[in-house]
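Trainee: Could we walk through this structure together?
Mentor: Gladly, let's take a look.

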Amino acid sequence: MFTDLKSLHSEICSEDITDLFDRDPDRAATFSVRHETLLFDYSKTRITSRVRTGLTSLCEERGVAAKRDAMFRGGRINETEKRAVLHTALRDPEGPELLVDGEDIRRPLRETLERMEDLARRVRSGAMQGPGGAFTDVVNIGIGGSDLGPVMATLALAPYHDGPRCHFVSNVDGAHIHDILQRIDPRTTLVIVASKTFTTVETMTNAGTARRWVEAGGGDPAQQFLALSTSEEETEAFGIPQEHVFGFEDWVGGRYSVWGPIGLSVMLAVGPENFRAFLAGGKAMDDHFLSAPWERNMPVMLALTGIWHNQVCGYPTRAVLPYDQRLRRLPAYLQQLEMESNGKSVAMDGSALPFPSGPVVWGEPGTNGQHAFYQLLHQGTSVIPAEFLVAAMGHEPELAHHHKLLVANCLAQSEALMRGRGLDEARARMRAEGYEGAELERQARHRVFPGNRPSTTLIYPQLTPYVLGQIIALYEHRVFVEGVILGINSFDQWGVELGKELANTLAPLLAGETNPDGKDGSTRALLDYVRGTKG
Ligand code: F6P
């Protein structure tokens, strides 16, 4: 499928990206996309007009428009689970009638949102209290999509926090919940058990521990526990009263769920109005995705840049580098969004994929990463496309000089990756420092930067709730478009099952309740080690 693009790539792969700018003074404008106040610049890549034409024709060949429209309409595009994919409806509660199985989903969706808002207002005003008085702390217990979205968004919107402190427990490692609970009061803490299925072992283990902690500390679980889930039976079996349950439907995938009840902790932190602004930002990106022509469609061009770098150029990873400390959990959030969605090796029809899928996504905020792994980005043997994100303006006017430095570093990195530094320039620098002869040659080679390393930059005015909504919806649709082009189902995650099943067989082995026959030698030796270790 990528044959033409691959031959185009071999034709142009030795060209300098800087030459592309020399030949086309308008390159930055031609190879960037605007949506409202957001600018996505992909000009510092080797994408040319011919490449872009080849890439956008993939959208036609693979039927991106039809699949996109089917998703928004509620078609069962998650074929392996026979489910609709409608997280987009969560950010459009006032939209027109939308039928799933003959029922309009907008009304219940609006009602749930209004219930969330009512609860958030009561908690934030102190009208709803715990046995010890107004709620001072919220602990969201969840994992994967029931954790990463809420954590990422809560941290991102720190300047808007005026509600109770929010904490997040995800890991089944008891250290996680222990270190959080020991800092807070069991009589003024609201516990949110966030789990689509309400059966996830990590979450249910942590929820049980939290309930015992509340009871032991003189609290009242009946007043202090909320559940966010699709399963009424499971929440009832856990003992959470109906009025404390915020339900959603199976057409909301876990990693796409921050827009609905799973986002309750975000709403408690920043308030219903800011949460609505977050939804509105997501909806604005949806409208853009639905209507803009491919070349001016931001999620599409972000996806095509990903396809170009991974499937065509063969770069196996991509680095996400937010120059925005408050987006420090964005890389982790995107790891689930992108890798759980598109880390597949089988096409929709069950055949083996004839090309790689799902690049490894990783990253850290700048400028910290510069002092850690950027060495490899600049001089390592692998080419790693970098995706920078940066705000033109911070939230701290008194620290504007920090922000200028932050932005300067971000722009400097993409420039350095592209430009590099040749051997002649390195030699001249060494000569100026007094080196000569063989030592000059040896030293100069260490100071060469190959350059021509592609990067993109997403720049936005300021990280507001609305802008955050735009950014998250942008990445969701990017994953969708990449998935359609690759012909995979981006909405299932069968690859997480085997490990879960085996963990269920290992827990009784660790407790010595069953015997390890049938386990491999390595697993048996590791079990022996643990069982032989006395605390
Ligand atoms: O890791 C698999 C997974 O199913 C994710 O897709 C999901 O976000 C996470 O587990 C948590 O699931 P739940 O919300 O049902 O507890």
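What follows is a short run of questions and answers about the sheet, the annotated residues and the ligand shell.

Mentor: Before we start, this is a predicted model, where local features need pLDDT of at least 70, side-chain atom pairs count only at pLDDT 80 or more, and totals for chains, interfaces and linings use all residues. Residues are numbered from 1 along each chain as its sequence is written.

Trainee: In what order do the 5 strands of the open sheet run?
Mentor: Strands here are DSSP runs of E with at least two residues, and helices are runs of H or I with at least four, numbered from the N terminus. Two strands pair if DSSP finds at least two bridges between them. The pairing in this sheet is parallel, and the order is β8-β7-β9-β10-β11.

Trainee: Which strands stand at the edges?
Mentor: An edge strand here has a single partner, so one side of it is left without a neighbour in the sheet. That describes β8 (165–169) and β11 (245–247).

Trainee: How many bridges join β7 to β9?
Mentor: The two strands run parallel. N140 stands opposite I192 in β9. The number of bridges joining β7 to β9 is 5.

Trainee: How many residues of β9 are buried?
Mentor: A residue is buried if 20 or more other C-beta atoms lie within 10 Å of its own, exposed if 12 or fewer, and partly exposed in between, with C-beta atoms placed from the backbone. T189, V191 and V193 point one way from β9 and L190, I192 and A194 the other way, and all are buried. The strand is mostly covered, the count being 6 of its 6 residues.

Trainee: Is E340 buried or exposed?
Mentor: E340 is found in helix α16 (residues 330–342). It has 22 C-beta neighbours inside 10 Å, so E340 counts as buried.

Trainee: And K500, buried or exposed?
Mentor: K500 sits in helix α22 (residues 497–510). With 11 other C-beta atoms within 10 Å, K500 is exposed.

Trainee: How far apart are the farthest two C-alpha atoms of the "active site" residues?
Mentor: The unreviewed UniProt entry puts that annotation on E340, H371 and K500, and such annotations may be inferred rather than shown by experiment. These residues span 161 residues in sequence and do not all gather at one spot, because their farthest two C-alpha atoms are apart by 36.5 Å.

Trainee: How many residues surround the ligand?
Mentor: A residue is near a molecule if its C-beta atom, placed from the backbone, lies within 6 Å of it. The closest are G144, G145, S195, T200 and G254, and the number surrounding the ligand is 14.
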